[in-house]
Amino acid sequence: MSKRKSNPILEMFNKKQKNNENDVNHLASHSPVKSVIDQEMQYEDIIIECKGDEEELNVSNLLQLHSDNPESVNNECNDVGILLESKTIFTDTIKKHLLTNPFIPHQNDPLPYSEHLKKGNTVKYYLRFHHFQRFTWIIYSPFKKGIYCKFCTIFALNKLVGSYKCNSEAGYLVKYPLISFSKLIGKDGALIKHENAIYHKNSVEASKDFLKMYDRPELEIINRLDDHRLKQIKENRSRLLPIVDTIITMGKQNIPFRGHRDDGNLLDKPENSSITNEGNFRAILRMRVRAGDNELKNHLQNSSQTATYISKTTQNELIDIYSVREDFISFVDVHQVNFENNDVEPKITGTLLGKTVVKIMNQNGLNLDYCVGICTDTCSVMASEQAGAVSEIMKHTKNAARALCRSHALNLVLSKSANISSVRNCFGTIKEIIAFFHSSAKRNFVLKQKLGSELSGLCDTRWVERHESLMFFNDNLLQILQALECISTWDDVTSSSKSHCFIRCLTSTDFIVSVKITNLIFTITHSLSKALQKQSLNVNTATELINNTKQIIQNERCQANITFNRIWKTILDISEKINIVPCMPRLSVKQTCRSNISSDTVEDYYRKNTFIPLLDAIITDFNQRFEKNTVPIEIVLSSLLPKKISQLDTEELQRVTSHLWGKYSELLSTNISTYNNEDIFKSEVELWKAKCNSNNTMYNVLDNVELLKLCDEDIYPNCNFLIKILVVLPVTVSSAERSFSTLKRLKVWLRNRMSEERLVGLALLNVHNDIEITPDEVIDLFAKSKNRKLDLIL
């Protein structure tokens, strides 16, 4: 091969490259690569050899070698070398930790050295402990076997330093550790030069400012700029607070807001103030100002006319955004919806009510396919199978189950006791006596002296109060008689004559027996009546309570002789105290108006003619009404409960799953995200049964909401969805009845023009008056709803 011509330029670069290689080799042998701990260097060599020349050294492996805890690369790590190697972002917490708690070796700790060639001899230069004492800004990194500047590492890292046109990133002591210890101090020492550098002094000042701001963030510039605005917001919120608090209080107490004129400046005295009624809201605000609410007074005096926030529009906004909410659609005026533009006679039928409900639900965008239950009372307009409202609604809701209100059913069962003439007369007498005392302050005063309290009425709609009223009357029968005897001696003819009549009624054997028997029935059903008023009651618990109550009444019927004998002893005791002798009424051969069963004793007569017929009538009505009200799909869905599904054999389980799939297959296929069919559904139910059998603690779970947490939606999606249906199936309409009672008190003649939104908001506020509402939360929602003229939030 011909020899290549020499090129001066190429020779220069080759020569330079060789010189660089020599320098590298020299540094590899004479620079600080040796450590005091030779064993660690051997481990390092082993790792590097295993990884190969082209692969970078893994930081986690180095941490395993050089740190007792390899997970120390976090906010608590004080080795800056580890943080830089792992490229950790320096948060404020890490900066504070490095500045206040850096790694400083102890006086007896071994420190690294570097070897240098001096006049042909190898000389060791050590890092000494007195260096850390003199230069307090240096910190040691055991991981890197070198030192850093704790200030510049944080505040000068990756920043350009140096003179004009010579800017470059800081290297040793900042980005890289200083591992050459030959010349640390002196005129040209590395530590002296770094300490006098401008960027080091700037970093020291920056660290002081950082620590000052970290400990006192209120001194930060941006916070100081916002301090005035924050103060203004706090003042504005304190202005609005009494207005919001007044609206909440009036809404909960069902106090009317508006008057004949409720606009204008609140603090100005209106013209013709003696005849102008501005409403309770403005009157209460004036009263607060007179009572010394200076913040409200300053707000009304200094705010513009459009920023006082007491207008009817602002009232509606505040009422609407209160945290008291439920899934309540609206109150519906059936006449206005159906007969607004017609001249025909507005007749309300069950079919028309059903069509109205469907129409309103469609207008509100509700998908009727997701309607799974319909609950109403048992009146013919609602419950009729031919022309009832429920039948009309179910034509459009294919997945809905029909459930009649159990509270209404229980009330009708107890009303069957009125079929017994003596019991019916007993209820009538009690109502008359209660009305007799309530109609006169004089009579009520005498009753309070004897009894200590008033008598509560036998309310036709508040069924729990009906129970408690009759039981209270039974327990205080003697005191009521004493009050009537006292009134019978008055000169007032009306009061004395009526009290004489009532005394005759209360001392009759028929009345005493009827009160004691009815008290027994009401005592048994009292717990059930209270439970049916609860909002969180589920179908399974309600059915269990009803069956238990019915069983107790049946047990009393089976041992009627023993039970009535116990009641008869109390009757004899009362008769002795009021000086009467129990006797049976006159009997005739042809008795048509009451029972005429022949008896040998008075006790036998009332047991056969009053006690046993009353129990039979109640048990019969219990069976008819609650079996009718028990929806078949409720029984099937209840089979998924742990206690019941574990008792099903294979054939029964197949029958239950087939029925559920036939009823809810469309809903399940639509709402389950994964592929679904009948075989998958049956397999899932069998898996759910296996879990219930393996976990005995699930048997005691009565709350369906708690059961939903145990039925994992990802593992048992179909069972979870069906249990949700069981949870939402209605038990009673007590909540709706309470809403109507509130509406009756709320929308009176003087408030008949109230808008729909305001009516719904005030009704819910009054119904749920037990829920605590924080005015500050209301102000936050009010401020976020749209831009306000006053700053209320940051």
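**Group meeting: a walk through the predicted model**

Let me start with one residue: Asn-316 is partly exposed, at a relative accessible area of 31%. Asn-316 sits in helix 13. Along the chain, Asn-316 and Arg-758 are 442 residues apart, yet their C-alpha atoms are 5.8 Å apart in space. Keep in mind throughout that this is a predicted model.

Now the overall numbers. The protein chain has 794 residues, and 42% of them count as buried. There are 36 helices and 8 strands in the chain. The accessible surface comes to about 45800 Å², and carbon and sulfur atoms account for 50% of that. On contact order: take the contacts between residues at least 6 apart in sequence, and 65% of them join residues at least 24 apart. The pair I opened with, Asn-316 and Arg-758, is separated by 442 residues in sequence.

Next, the interior. Which residues have the most contacts inside the largest nonpolar core? They are Phe-437 and Leu-660, in a core of 95 residues. Helix 27, residues 602-629, supplies the largest share of this core, with 11 residues. Apart from that core lies another one, of 37 residues, and its members include Phe-132, Phe-143, Phe-181 and Phe-210.

Back to Phe-437 for a moment. If we leave aside neighbours within four places in sequence, Phe-437 is in contact with Arg-443, Asn-444, Leu-447 and Leu-455, and also with Ile-480, Ala-483, Leu-484 and Ile-487.

Two more buried positions. Tyr-606 is in helix 27. With a relative accessible area of 2%, Tyr-606 is buried, because the cut-off for that label is under 20%. Setting aside neighbours within four places in sequence, the contacts of Tyr-606 are Thr-509, Asp-510, Val-513, Phe-564, Trp-568, Cys-583, Met-584, Pro-585 and Phe-611. Take Cys-583 from that list: Tyr-606 and Cys-583 are 23 residues apart in sequence, with 9.8 Å between their C-alpha atoms.

The other position is Ile-521, in helix 24, residues 509-531. Ile-521 has 3% relative accessibility and counts as buried. Beyond residues up to four places away in sequence, Ile-521 touches Leu-414, Leu-614, Leu-615 and Ile-618. The C-alpha atoms of Ile-521 and Glu-556 are separated by 9.8 Å, and the two residues are 35 apart along the chain.

On to a helix pair. In general, two packed helices are described by the angle between their axes and the distance between the axes. Helix 5, residues 92-100, packs against helix 9, residues 198-215, at an angle of about 120 degrees, and the axes are 11 Å apart. The crossing of helix 5 and helix 9 is left-handed. From helix 5, the residues at the contact are Asp-92, Thr-93, Lys-95, Lys-96, Leu-99 and Thr-100; from helix 9, they are Ser-207, Phe-210, Leu-211, Tyr-214 and Asp-215. Sorted by class, that contact has 4 nonpolar, 3 polar and 4 charged residues. Phe-210 also appeared earlier, as one of the residues in the core of 37.

Which residues of helix 5 are buried? They are Ile-94, Lys-95, His-97, Leu-98 and Leu-99. Those buried residues pack against helix 4 (80-85), helix 7 (152-155) and helix 9.

Last, some backbone geometry. Most residues other than glycine have a negative phi. Here are two non-glycine residues with a positive value. Tyr-309 has a phi of about 60 degrees and is not a glycine. Tyr-309 lies in the loop between helix 12 (294-302) and helix 13 (312-320). Asn-579 also has a positive phi of about 60 degrees, again without being a glycine. Asn-579 is placed in the loop between helix 26 (560-577) and helix 27.

Are these two loop residues buried or exposed? Tyr-309, at 8% relative accessibility, counts as buried. Asn-579 has a relative accessible area of 70% and is exposed, because exposed means over 50%.

To close the loop on helix 13: Tyr-309 is in the loop between helix 12 and helix 13, and Asn-316, where I began, is in helix 13 itself. That is what I have.

Definitions and conventions: Residues are numbered from 1 along each chain as its sequence is written. This is a predicted model: local features need pLDDT of at least 70, side-chain atom pairs count only at pLDDT 80 or more; totals for chains, interfaces and linings use all residues. Side-chain values use heavy atoms; hydrogens and water are left out. Helices (H or I, at least four residues) and strands (E, at least two) are DSSP runs, numbered from the N terminus. Buried means under 20% relative accessible area, exposed over 50%, partly exposed in between (1.4 Å probe, protein chains only). Contact means heavy atoms within 4.5 Å. Accessible areas come from the Shrake-Rupley method with a 1.4 Å probe; for residues, only the protein chains shown count as cover. A nonpolar core is a set of buried Ala, Val, Leu, Ile, Met, Phe, Trp, Tyr and Cys residues joined through side-chain atoms within 4.5 Å. Axes are lines fitted to C-alpha atoms, for helices over the stretch in contact, and angles run from 0 to 180 degrees between N-to-C directions. A crossing is left-handed if the near helix is turned anticlockwise from the far one by less than a right angle, and right-handed if clockwise. Ala, Val, Leu, Ile, Met, Phe, Trp, Tyr, Cys and Pro count as nonpolar, Asp, Glu, Lys and Arg as charged, and the others, Gly among them, as polar.
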